Amino acid sequence: MSRHKSRETEEQKDPEMEISSMIDCCFLLLIYFLVATSLVSEKKLDVSIPGAPTNGGAPPPVEPGRIHVASNGSITWNDDMPVGDVYDAGIKPGTEAFRSQRNLPQLVEVLKTLKEQAVAVDTEPIVMVNGDPSTPHQRIVDVMAALAEADIHTVGLNTTASE
Amino acid sequence: MGKKKSRPVEEVDGSPNMSPMIDCCFLLLIFFVVNATAMTVAKDASISMPSAVSCSDLEDANGCIVVNVYADTDKMPQKAADKYLQTYKRSDVVWGVSDGESTKGFSQDEAQLLTDFITKQKEFYKGKNLEDKDIRIYLRGDVATPWERTAAAIRCAAAAGVSNMVFGTLPAR
């Protein structure tokens, strides 16, 4: 008789799962990933190194462009045309001077012209970037950004000996 | 007489239905877990990233071999320099890499070790059926890093047979 009674009380219990702790964990993870993904705001600049020539060693239809970045950050196009001023590492990010230093309009212009010449003969333009060993990485990235703006992605990267 | 009999209020269950909320919550969780890719593991916060005007979003981090290129410790902020020394226990490391299990640092004289690491990672991604064009070097250079270090890392990548590079940047503000 007592056995029957205990079985009855067991049946009366509502078999619910305790989900409040699971929801707590779930919310914590959600907030973690929300914050983590919003912090990671890095962007990219794609560059492809030119491979071996496929035309049997014949000169390319469009003369490759040459960019030289000196150790002080000044940029020269084809050895004689200055297209970027001296780099100043002291300029603070977020200022107008910082934004204007990142823009290289003269370089973008000559790169776009090179791109048009290459497209006209149905080929990809090639640009060689030579930097002095001590050139700051930021200045090379400025050049890469100009190349990306001109839609040029095949870039030869070299180091040149300091003059 | 014409009035309808109102339903007894006591029968309505007042507890909110939690299951759709949990469903949404799980969906959001999965979305953010997938978005926060494994690549974040190899990123070193002690690097001051360069800024660029015309950069694009990194849509797919799969196939990226992250190489952190460090500046000299005297050019780093004190907090970043402390973290660098704590991680590598030496001050001559110029390239930092991670395979998800351990973080390794190589000096400029250890270019061959960097080439070997990139070759190993390339084979790992090839084993996951990724094509050559999808395997890229993600270069995270510090703003003050001398170009010779980045160029040497690119030469190591070329020696390992990886020709696609991605320069990590922040949008210029």
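Start with chain A of this predicted model: its secondary structure comes to five helices and six strands. Follow the chain along its sequence and the pattern reads α-α-β-β-β-β-α-α-β-α-β. Colour chain A by burial, and 29% of its 163 residues count as buried. Among contacts in chain A with a separation of 6 or more, 72% are between residues 24 or more positions apart.

Next, show both chains and select the contact between them. Chain A and chain B each put 44 residues into the contact. On the side of chain B that touches chain A, the elements giving two or more residues are helix H1 (19-35), strand E1 (51-52), strand E2 (56-57), H4 and E7 of chain B. By residue class, that side of chain B divides into 28 nonpolar, 12 polar and four charged.

Stay at the contact and select strand E1 of chain A, residues 43-48. This strand pairs with E2(B) in the antiparallel sense, over two bridges. To find the pairing, pick Lys44(A), which stands opposite Ser56(B) in E2(B).

Now select strand E6 of chain B, residues 136-141. Six of its six residues are buried, and the strand is mostly covered. Turn on the side chains: Arg136(B), Tyr138(B) and Arg140(B) point one way, while Ile137(B), Leu139(B) and Gly141(B) point the other way.

Add the strands that pair with E6(B). Strand E3 of chain B, residues 64-69, runs parallel to E6(B) and is joined to it by six bridges. Within this pair, Asn68(B) stands opposite Arg140(B). Strand E7 of chain B, residues 164-171, also pairs with E6(B) in the parallel sense, over three bridges. Here Leu139(B) stands opposite Phe167(B). Trace the chain from E6(B) to E7(B): it crosses through helix H4 of chain B, residues 147-159, and this β-α-β crossover is right-handed.

Return to E3(B) and centre on Val67(B). Leaving out residues up to four places away in sequence, Val67(B) touches Trp95(B), Val97(B), Ile137(B), Tyr138(B), Leu139(B), Arg140(B) and Ala153(B).

Last, look at the largest nonpolar core. Which residues have the most contacts inside it? They are Met144(A), Leu147(A), Val67(B) and Ile137(B), in a core of 64 residues. To see the largest share of this core, select helix H5 of chain A, residues 137-149, which supplies eight residues.

Notes. Residues are numbered from 1 along each chain as its sequence is written. Chains are lettered from A and ligands numbered from 1 in the order in which they are written. This is a predicted model: local features need pLDDT of at least 70, side-chain atom pairs count only at pLDDT 80 or more; totals for chains, interfaces and linings use all residues. A residue is buried if 20 or more other C-beta atoms lie within 10 Å of its own, exposed if 12 or fewer, and partly exposed in between; C-beta atoms are placed from the backbone. Helices (H or I, at least four residues) and strands (E, at least two) are DSSP runs, numbered from the N terminus. Two strands pair if DSSP finds at least two bridges between them. A crossover is right-handed if, with the strands pointing away from the viewer, the path from the first strand over the helix to the second runs clockwise. A nonpolar core is a set of buried Ala, Val, Leu, Ile, Met, Phe, Trp, Tyr and Cys residues joined through C-beta atoms within 7 Å. Two residues are in contact if their C-beta atoms, placed from the backbone, lie within 7 Å. Ala, Val, Leu, Ile, Met, Phe, Trp, Tyr, Cys and Pro count as nonpolar, Asp, Glu, Lys and Arg as charged, and the others, Gly among them, as polar.
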